[in-house]
Amino acid sequence: MPANVDARRADTTRGINLVRSLYYRNSAAGESSLPPSVKNSMARETEVKLRITDVPAFHRALKRMGARPASPGTSKVHEENVIFDTPQGGLAKHGQLLRIRTETPEVRGKAKKVGPKQRVILTFKQPVTRPAIPRLGGDSNGPYKVRDEIEVEVTESANLARIFEGLGMSGWFRYEKYRTTFRLPASKAWAKGLLIELDETPIGTFVELEGPAEAIDQAARGLGYSKREYVLKNYLRLYMEDCRRRGEEPRHMLFPNRK
């Protein structure tokens, strides 16, 4: 095997170890020092997407279910995502994802004078490495996208991107969206741990349901969807398919004024 291939693999391993070390460094500081969305940093992510064709009807369904924005006042967030990989696509070949996400809240009223406070999230995802808990009446994962995930908040993105580039990786795909996160009231005990995340993207509007499988199913039914309509593809795959339908060359999934 050529030496440069061995070197690339070693660089990829060092990059993944860096992600893990960042996570463990934050964990050593104590869970209370992390924001709620990052507390369960090393966890199993279970989710599905649903494609929304009638946004007003979707909002009416949310209202009937009693859903409320998770963070009133700053619930809508602009996300800029950059996916990193080696030139050979070493991470993608193993079903892994390394991403830097910059979140900018959409603020209103007096808060505009101060300016939105950005958050930068480093995420590493990979196929599950330990057995899933079997569910009665079906496959252990069922019709859901299930992945192991390490997620940690960092102070800024530029230097982290330079580190990855120094390890032989590059930010080869960028995509953006506006996300609004909703939760159901505490009175709905079945919805504990469930996130309803409305995504406005350059290729359409989707909702991601993340949480326990049973809660995903019940929420989907409440929104008027069946399991047959679950979408398990990531936004990169959906974007590539959209480009093929339009006969366009894939580049980055960005809104027109940000190309």
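A salt bridge here is a side-chain nitrogen of Lys or Arg within 4 Å of a carboxyl oxygen of Asp or Glu. Keep that in mind, and select Glu45 and Lys125: their side chains meet in such a bridge, with N to O at 3.1 Å. Glu45 lies in strand β1 and Lys125 in strand β5 (residues 119-127), so the pair ties together parts that are 80 residues apart in sequence. Both Glu45 and Lys125 are buried (under 20% relative accessible area; exposed is over 50% and partly exposed is in between, with a 1.4 Å probe and protein chains only).

Some ground rules before moving on. This is a predicted model, where local features need pLDDT of at least 70 and side-chain atom pairs count only at pLDDT 80 or more, while totals for chains, interfaces and linings use all residues. Residues are numbered from 1 along each chain as its sequence is written, and side-chain values use heavy atoms, with hydrogens and water left out.

**Zoom out**

Switch to cartoon and you should find 8 helices and 9 strands. These are DSSP runs numbered from the N terminus: H or I with at least four residues for helices, E with at least two for strands. Of the 259 residues in the protein, 44% are buried. Take the contacts (heavy atoms within 4.5 Å) with a separation of 6 or more: 70% of them are between residues 24 or more positions apart. Turn on the surface and about 14500 Å² is exposed, with carbon and sulfur atoms supplying 52% of it; the areas come from the Shrake-Rupley method with a 1.4 Å probe.

**The cores**

Now select Phe58, Leu194, Ile196, Leu209 and Leu223. These have the most contacts inside the largest nonpolar core, which has 26 residues. Such a core is a set of buried Ala, Val, Leu, Ile, Met, Phe, Trp, Tyr and Cys residues joined through side-chain atoms within 4.5 Å. Colour β1 (42-52), α3 (55-65), β8 (195-201), β9 (204-210) and α7 (213-222) to see the elements that each give two or more residues to this core. The most come from α7, with 5 residues. Apart from this core lies another, of 16 residues; Val82, Leu122, Phe164 and Leu167 are among them.

Stay with Leu194 for a moment. Beyond its neighbours within four places in sequence, its contacts include Phe182, Leu184, Pro212, Ala215, Ile216 and Ala219.

**Down the axis of α3**

Select α3 and look for Phe58, Ala61, Leu62 and Met65, which are buried. Seen down the helix axis, the buried residues of α3 fall within an arc of 100 degrees, so they line one face of the helix; the arc is taken over the directions from the axis to the C-beta atoms. Flip to the other side of α3 for Lys63 and Arg64, both exposed. At the start of the helix, a side-chain oxygen of Asp54 reaches to within 3.1 Å of the backbone nitrogen of Ala57. After α3 comes Gly66, whose phi is positive, near 85 degrees.

**Back to the charges**

How many salt bridges does the structure hold? There are 19. Next on the list are Glu80 and Arg174, bridged at 3.0 Å, N to O. They link distant parts of the chain, with Glu80 in strand β3 (residues 76-85) and Arg174 in strand β7 (residues 170-183), 94 residues apart. Glu80 is partly exposed, at 23% relative accessible area, and Arg174 is partly exposed too, at 27%.

Move along to Arg179 and Glu208, where the closest N and O atoms of the salt bridge are 2.9 Å apart. Arg179 lies in β7 and Glu208 in β9, so the pair ties together parts 29 residues apart in sequence. Are they buried or exposed? Arg179 is buried at 9% relative accessible area, and Glu208 counts as buried at 6%.

To see what surrounds this pair, select Lys49, Glu79, Arg101, Lys177, Arg179, Glu197, Asp199 and Glu208: salt bridges that share partners join them into one network. One member, Lys177, is found in β7 and is buried, with a relative accessible area of 1%. Its side chain makes a polar contact with that of Glu79 at 2.6 Å. A polar contact is a pair of N or O atoms within 3.5 Å; within protein, one must be able to donate a hydrogen and the other to accept it, and residues adjacent in sequence count only if both atoms are side-chain atoms.

**Last stop**

Finish at Met253, in the segment after α8 (235-246). Met253 is buried, with a relative accessible area of 0%. Among its contacts, leaving aside neighbours within four places in sequence, are Phe173, Tyr175, Ile203, Tyr235 and Tyr239.
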